[in-house]
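Q: I am new to this structure and would like to be led slowly through one part of it, with each term explained as it comes up.

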Amino acid sequence: MRELNLDRLRTLVTIADLGSFAEAARKLHLAPPTVSLHIADLEAHIGAPLLVRKRGEVRPSAVGEVLVERARRLLADADEAMDLVQRQVQGLAGRVRLGASTGAIAHLLPQALEALGQHHPGIDVQVAVLTSHETMSRLANGVLDVGLVALPQAALRGVAVLPWRRDPVMAFVPSTWPSPARVTPGWLASQPLILNDDGTSLSRLTGEWFAQAGEHPRARIQLNYNDAIKSLVAAGYGATLLPQEASTSVPRDPRIRMLPLQPRLWRPLGIAHRAGPVERATQHVLDVLWRQKQG
C-alpha cells in the first residue's frame with residue numbers, strides 16, 4: 001500500500017479551508033489541473049470520495065473530514081520537523097557530543113560553555129567523562145563530535161586533531177610539608193605519591209619526567225579523578241603531579257601548596273573532531289574552544 005503524500009494532503013486541507021479548488025490552486029501556486037489530480041490521486045488511494053461539491057462550494061465528505069483532521073496534525077508535525085532541521089543546519093540549534101577528562105571539564109569547559117550559551121542558547125552540549133584514548137575511539141566510531149585529548153595522539157582514520165593549548169604540570173603537596181621552591185624528580189620520588197592510573201596520558205608524561213632523572217617511584221595510590229587526588233593531598237596522604245588547568249596560580253584549598261617543577265613539564269592538549277564537513281552547531285563549539293587557546 002502506497003504511503004500518503006504530504007503535498008496531496010496539503011492540497012486537501014487547503015481546499016477544505018477555502019471551499020474552492022480554484023482558490024486552493026492560487027494559494028498553493030499550482031495549476032488547477034494539478035489540484036484536481038492531487039484529489040483524484042488521494043481518493044483513488046483511500047477508495048472513497050473526500051470532497052463534496054454543493055452550490056458552488058466544496059466541503060469534505062464524512063471520510064474527508066476524518067482525513068483532513070489527521071492531515072492537519074501530520075502537516076504540523078512535518079513543518080515542525082523541517083523547522084527543527086533547518087535550525088540545526090543554520091547552527092541555531094543542535095546537539096554536540098563532547099568527550100574530555102575530569103580536569104578539562106572542571107576547569108576548561110565552563111568558560112567555553114558559558115560563552116556558547118550567551119551566543120548560541122539553542123545548542124545542547126552533552127559532555128562525557130572519558131580518557132583521551134576513549135575519546136579518540138568514540139570519535140572514530142561516530143558517537144562523539146568533539147574531544148579534548150592529550151597530545152600526541154596516533155593518527156586515526158576519520159579523526160582530525162589539532163594542537164589547542166599546553167598547561168604546566170605542577171607539584172601539589174600538603175602545605176604542612178617542608179618543601180623546596182622548585183620540585184625536582186629526586187625530591188618528589190622520595191615522598192609518598194598519589195598518581196594517575198597507569199595507561200593514562202598524564203601517567204606516561206609524568207613517568208617520563210621521573211625516568212629522565214633516573215627515578216621510578218611507586219605510588220601509594222593511583223586514581224584517575226583529579227579532585228579526589230587533590231582531596232587526598234589536602235589530607236596529607238601524599239603529593240601529586242597535575243596540570244595547572246585553572247587560571248589561578250594559587251589552589252583554592254589552603255591545605256595544598258602548588259609548586260613549579262625543575263625541570264619544567266608541560267601537558268599539551270588538542271582538540272579532536274570527526275574529519276570532513278563539520279555541522280554548524282559543532283563548529284560553534286569548536287570556535288568557543290579555540291578562543292581559549294593558550295601558548
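In the hairpin of β1 and β2, which residue takes a positive phi, and how many residues are between the strands?

A: The model is a predicted one, in which local features need pLDDT of at least 70 and side-chain atom pairs count only at pLDDT 80 or more, while totals for chains, interfaces and linings use all residues. Residues are numbered from 1 along each chain as its sequence is written, and side-chain values use heavy atoms, with hydrogens and water left out.

In the hairpin of β1 and β2, Arg55 takes a positive phi near 55°, and two residues are between the strands. Strands here are DSSP runs of E with at least two residues, and helices are runs of H or I with at least four, both numbered from the N terminus. The strands β1 and β2 run antiparallel and are joined by four bridges, where pairing requires that DSSP finds at least two bridges between two strands. Within this arrangement, Arg53 has Val58 in β2 as its bridge partner.

The hairpin also serves as a way into helix α2, since β1 (51-54) and β2 (57-60) are among the elements against which the buried residues of α2 pack, together with α1 (6-18) and α3 (32-46); contact means heavy atoms within 4.5 Å. Those buried residues of α2, which spans residues 21-28, are Phe21, Ala24 and Ala25. Seen down the axis of α2, they fall within an arc of 100°, so they line one face of the helix, the arc being that of the directions from the helix axis to the C-beta atoms. On the other side of α2, Arg26 and Lys27 are exposed; buried means under 20% relative accessible area, exposed over 50%, and partly exposed in between, with a 1.4 Å probe and protein chains only. At the start of α2, the backbone nitrogen of Ala22 has a side-chain oxygen of Ser20 within 3.2 Å, and the residue that follows the helix, His29, has a positive phi near 55°.

Further along the chain is another helix that can be read in the same manner. In α9 (residues 201-211), the buried residues include Leu202, Leu205, Trp209 and Phe210. The buried residues of α9 fall within an arc of 165° seen down its axis, so they too line one face of their helix. Among the elements that cover them are β6 (159-174), β7 (194-196) and β11 (266-274).

Strand β7 holds Asn196, which counts as buried because its relative accessibility is 6%. Leaving aside neighbours within four places in sequence, Asn196 is in contact with residues including Leu202, Ser203 and Asn224. Its side chain and that of Asn224 are joined by a polar contact of 3.2 Å, that is, a pair of N or O atoms within 3.5 Å, of which, within protein, one must be able to donate a hydrogen and the other to accept it, and residues adjacent in sequence count only if both atoms are side-chain atoms. As for the distance back towards the beginning of this tour, the C-alpha atoms of Asn196 and Ala31, 165 residues apart along the chain, are separated by 72 Å.
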